Amino acid sequence: MEYKIPLFELNFDEAEENAALETIRSKWISTGPKTTEFENKFSSMLNVKHSVALSNCTVALHLAMKILGIKNGDEVICPSLTFVATANSIRYVNAIPVFADVKSYDDLTLDPEDIERKITAKTKAITVMHYGGFACDMDSIMAIAKKYNLEVIEDACHGPLSEHKGRKLGTIGDIGCFSFFSNKNISTGEGGMLVTNNAEFYKRANLLRSHGMTSLSYERSKGHSTSYDVVDLGFNYRMDDIRSSIGIVQLDKIETDLKNRAEVRKFYIKELSEISEIIIPFQDYSEFSSNYIFPVILKNSTYEKRDLVRNKLAEAGIQTSVHYPAVHKFSIYKDFYLEMPVTDYITDNLITLPMYANLKKDDVGYICENLKNSLKC
Ligand SMILES: Cc1ncc(COP(=O)(O)O)c(C=O)c1O
């Protein structure tokens, strides 16, 4: 079924087409100069020392675990209100995900008090997720990390260029991870970035993304190196130059894109703030945000009612989603189940409405009108 208004619309045009074509014609398409350019540009836009482009964010999170030495039996505190990859990355190294609740229906980010309650002698790290591009309470979380000597990984998939007190999300903890999946703020089809200010972590990420080899094919093709050693048990987690060249164009577009998204958010808030049946999370948020998604939460509702409202919106041609089903309720996570009342209500009663830079004011009006009518059902 074709929706009249999709959840997300890709902003690609001739610029991405030309960039990909130019790279193809250059005859170097795997990891090479375009990937270095993409990494350098990303570092400078985020004001971070090092960026390593990767094949997606899931592998960035996996590398973060490896680099920080998280291993069998260690505990890592993370949200359940996230995409499953946040927790899976902890399982990849046989560590234990300890789910913490989020703050409230207004602030869907990890609750520092619940984080602190869940710390044990086995806790090694905290993975935060900046929901929707809205910052976690990083002051409190970094203070807890310091107090208990824990590492902090930022799953910043939703928040490229989002800020917390003037610092970009992803650059506050030990390692930050970004996704360039096709529906993200920066799209390369599949893709990811690991960022860090730590030179040792950077060196290790570079090694591990390419089989633990001491040189890349591109360096050998340019005569910078004629052989290689394998010094670590690495992976093939590389980004290729075709996608990096698209990523560079996406970085050129992102500032304008985010300004437009902020306008879309304003239209939504104007239309929806008077509706007593819903909560708009982060309604009074004042920091710079990527506005990756626009979620609303139905008050005094149930899972069944939420799905009825979603079906009504779908009948009007409006695509919606749910960010996210609770990870701690997935079958594969049944052994890690913990009570999380706030997350439980949110995951049953949240609807993600369409959000993209090119979403028109009239479209927002149409969505909000239909939402109001659906809520009466
Ligand atoms: C919060 C979060 N974490 C991790 C991921 C995984 O990213 P990728 O699809 O690039 O592996 C995503 C992407 O959907 C995400 O939204």
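## Exposure and the Lys165 turn

A residue counts as exposed if 12 or fewer other C-beta atoms lie within 10 Å of its own, and as buried if 20 or more do. In this predicted model, Lys165 has 9 C-beta neighbours inside 10 Å and therefore counts as exposed. Lys165 is located in the loop between β6 (163-164) and β7 (167-168). Its phi is positive, about 50°, although Lys165 is not a glycine.

## The central sheet

The model contains an open sheet of 7 strands, arranged in the order β1-β9-β8-β5-β4-β2-β3, with mixed pairing. The edge strands are β1 (50-54) and β3 (96-100), each of which pairs on one side only. From one strand to the next, the twist averages 20°. As a general matter, strands of a sheet pair through backbone hydrogen bonds, either parallel or antiparallel.

Strand β1 pairs with β9 in the antiparallel sense, over 5 bridges. Within this pair, Ala53 stands opposite Met193 of β9. Although β1 is an edge strand, 4 of its 5 residues are buried, so β1 is largely enclosed by the rest of the structure.

## Strand β4 and its neighbours

Strand β4 (residues 123-129) is mostly covered, with 6 of its 7 residues buried. On one pairing, β4 joins strand β2 (residues 75-79) in the parallel sense over 3 bridges. Here Val76 has Ala125 of β4 as its bridge partner, and Ile77 stands opposite Ile126.

The pairing of β4 with strand β5 (residues 151-155) is also parallel and comprises 5 bridges. Ile126, which faces Ile77 in the pairing with β2, stands opposite Val152 in β5. Between β4 and β5 the chain passes through helix α6 (residues 138-148), and this β-α-β crossover is right-handed. Helix α6 lies across β4 and β5 and runs at about 170° to β4.

## Helices α3 and α7

Of the 11 residues of α3 (57-67), 10 are buried, so the helix is largely enclosed by the rest of the structure. Among the buried residues are Cys57, Thr58, Leu63 and Ile67. The buried residues of α3 pack against β1, α4, β5, β8, β9 and α7. After α3 comes Gly69, with a positive phi near 75°.

Helix α7 (residues 199-208) lies across β1, β8 (175-179) and β9 (192-196), and runs at about 20° to β1. Ala205 belongs to this helix and is buried, because 25 other C-beta atoms lie within 10 Å. Setting aside residues up to four places away in sequence, Ala205 touches Val52, Leu63, Ile67 and Leu194. Two of these contacts, Leu63 and Ile67, are among the buried residues of α3. The C-alpha atoms of Ala205 and Met193 are separated by 10 Å, the two residues being 12 residues apart along the chain.

## Surroundings of the ligand

The shell around the ligand holds 14 residues, of which Asn56, Cys57, Thr58, Phe83 and Ser179 come nearest. By class, the shell has 6 nonpolar, 7 polar and 1 charged residues. Helices α3 and α4 (84-92) each supply at least two residues of this shell. Cys57 and Thr58, both named among the nearest residues, also belong to the buried set of α3.

## Loop residues and backbone features

Asn47 lies in the loop between α2 (33-46) and β1. Like Lys165, Asn47 has a positive phi without being a glycine; for Asn47 the value is about 55°. Asn47 is exposed, because 11 other C-beta atoms lie within 10 Å. A further backbone feature is the cis peptide bond that joins His323 and Tyr324, with omega about 15°. Tyr324 is found in the loop between α10 (303-315) and α11 (341-349).

Ser273 occupies the loop between α9 (241-272) and β10 (278-279). With 10 C-beta neighbours inside 10 Å, Ser273 counts as exposed. Ser273 nevertheless touches Ile280 and Gln283, not counting residues up to four places away in sequence. The C-alpha atoms of Ser273 and Thr109 are separated by 21 Å, and these residues are 164 residues apart along the chain.

Technical notes:
Residues are numbered from 1 along each chain as its sequence is written. This is a predicted model: local features need pLDDT of at least 70, side-chain atom pairs count only at pLDDT 80 or more; totals for chains, interfaces and linings use all residues. A residue is near a molecule or strand if its C-beta atom, placed from the backbone, lies within 6 Å of it. Ala, Val, Leu, Ile, Met, Phe, Trp, Tyr, Cys and Pro count as nonpolar, Asp, Glu, Lys and Arg as charged, and the others, Gly among them, as polar. Two strands pair if DSSP finds at least two bridges between them. A crossover is right-handed if, with the strands pointing away from the viewer, the path from the first strand over the helix to the second runs clockwise. Axes are lines fitted to C-alpha atoms, for helices over the stretch in contact, and angles run from 0 to 180 degrees between N-to-C directions. Two residues are in contact if their C-beta atoms, placed from the backbone, lie within 7 Å.
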